[in-house]
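Please open the structure in the viewer and keep the sequence panel visible. The tour below proceeds by selection, one stop after another.

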Amino acid sequence: MSSTVAREATIIRNTNETKIQIALSLDGGSVQLEKSLFPKAEAASEHAAQNSSSQQISVNTGIGFLDHMLHALCKHSGWSAIIECIGDTYIDDHHTAEDVAIALGMAFKKAMGSVRGVKRFGYAYAPLDEALSRSVVDLSNRPHAVVELGLKREMIGQLSCEMIPHVIHSFATSAYITLHVDCIRGDNDHHRAESAFKSMALAIKEAISRTGTDEVPSTKGVL
């Protein structure tokens, strides 16, 4: 992939359960949506928002801990992203968490385009206090995920712990990547989950990093 090609995508995904829109840039910089799903006052109060000279991040899914995890994913991957969702959280967290992960995976795949001129493989460890997680990723175009987080609590904030590995699975499937994420140790489930997302971010950042060539990183010649 030429270094001049912008790796950006916008995804709008509406169902009877969720309304989602995502603007994503894998290389940071500025991103924008044509129109926010939220009134300006509500958008301005987002807790998972951060702007710097290199990144613009704004996450508002209606589930605070999910916002926190996606914020960490974007920040440590080097992405800029606006992620918005209005979902049926009056039922539970399932539809919103799953659908946001699906849409983010779709945006990632669209932004990546053809897998060429990148490292393809990435791995990383990330600690958070007593917790330590490891992630390994392959931009394989073969969707698969193995996620072992060892979470014990029922909920973290408003996000059920059973949904946390499901979010990672759903993202990997829609992104068409192979992803292994393990929490190796840790006592606090918040720390275990967050270290997992940070390690995933760092592994993806390595995998999508450009090599300076236009070569397909595969013996097959195509991915």
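Is histidine 95 buried or exposed? Select this residue in the model, which is a predicted one. Its relative accessibility is 18%, and because a residue is termed buried under 20%, histidine 95 counts as buried. The residue belongs to helix H3. Beyond its neighbours within four places in sequence, histidine 95 is in contact with Glu17, Thr18 and Asp88. For a distance across the model, add leucine 128: the C-alpha atoms of histidine 95 and leucine 128 are 28 Å apart, with their positions 33 residues apart in sequence.

**Helix H3**

Next, select residues 94-112, which form helix H3. Of its 19 residues, 14 are buried, so that H3 is mostly covered. The length may also be checked: at 1.5 Å a residue, a span of 27 Å should be expected, and the C-alpha atoms at the two ends are indeed 27 Å apart. Immediately after H3 comes glycine 113, with a positive phi near 65°.

**The nonpolar core**

Which residues touch the most other members of the largest nonpolar core? They are Trp79, Phe108 and Leu139, in a core of 62 residues. Helix H3 gives the most to this core, contributing nine residues. In general, nonpolar side chains in soluble globular proteins tend to be buried together. Now centre the view on phenylalanine 108. Setting aside residues up to four places away in sequence, phenylalanine 108 touches Leu24, Leu26, Trp79, Leu139, Phe171, Ala175, Ile177, Ile204 and Ile208.

**Two helix pairs**

Keep H3 selected and add helix H4, residues 163-175. The two helices pack at an angle of about 30°, and their axes are 7 Å apart. Angles under 35 degrees count as roughly parallel, and H3 and H4 are therefore roughly parallel to each other. Among the residues making the contact are Ala101, Gly105 and Phe108 of H3, together with Val167, Phe171 and Ala175 of H4. Viewed as a crossing, the passage of H3 over H4 is right-handed.

For the second pair, select helix H2 (residues 64-77) and helix H5 (residues 189-207). Here the packing angle is about 30° and the axes are 7 Å apart, which makes H2 roughly parallel to H5. This crossing, too, is right-handed. Residues that meet include Phe65, Met69 and Leu73 in H2, and Ala193, Phe197 and Ile204 in H5.

**Three loop residues**

Where does valine 31 lie? It is found in the loop between strand E2 (18-25) and helix H1 (40-44). Valine 31 has a relative accessible area of 10% and is buried. Its contacts, apart from residues up to four places away in sequence, are Ala23, Leu24, Ser25, Gln56, Ser80, Ala81 and Ile82. Threonine 18 is 13 residues from valine 31 in sequence and 22 Å from it in space, C-alpha to C-alpha.

Move to arginine 120, in the loop between H3 and strand E6 (121-128). Arginine 120 is not a glycine, yet its phi is positive, at about 80°. With 9% relative accessibility, this arginine counts as buried.

Finally, select asparagine 141, in the loop between strand E7 (131-138) and strand E8 (144-148). Asparagine 141 also has a positive phi, near 65°, in a residue other than glycine. Its relative accessible area is 33%, and asparagine 141 is accordingly partly exposed.

Terms used
Residues numbered from 1 in each chain as written. Predicted model: local features only at pLDDT ≥ 70, side-chain atom pairs only at ≥ 80, totals over all residues. Heavy atoms only, no water. Core = buried A, V, L, I, M, F, W, Y, C linked by side-chain atoms within 4.5 Å. Buried < 20%, exposed > 50% of the residue type's maximum accessible area, 1.4 Å probe, protein only. Helix = DSSP H or I, 4+ residues; strand = E, 2+ residues; numbered from the N terminus. Contact = heavy atoms within 4.5 Å. Expected span 1.5 Å × (residues − 1). Axes fitted to C-alpha atoms, helices over the stretch in contact; angles between N-to-C directions. Parallel < 35°, antiparallel > 145°, perpendicular 65-115°, else oblique. Left-handed = near helix turned anticlockwise from the far one by under 90°.
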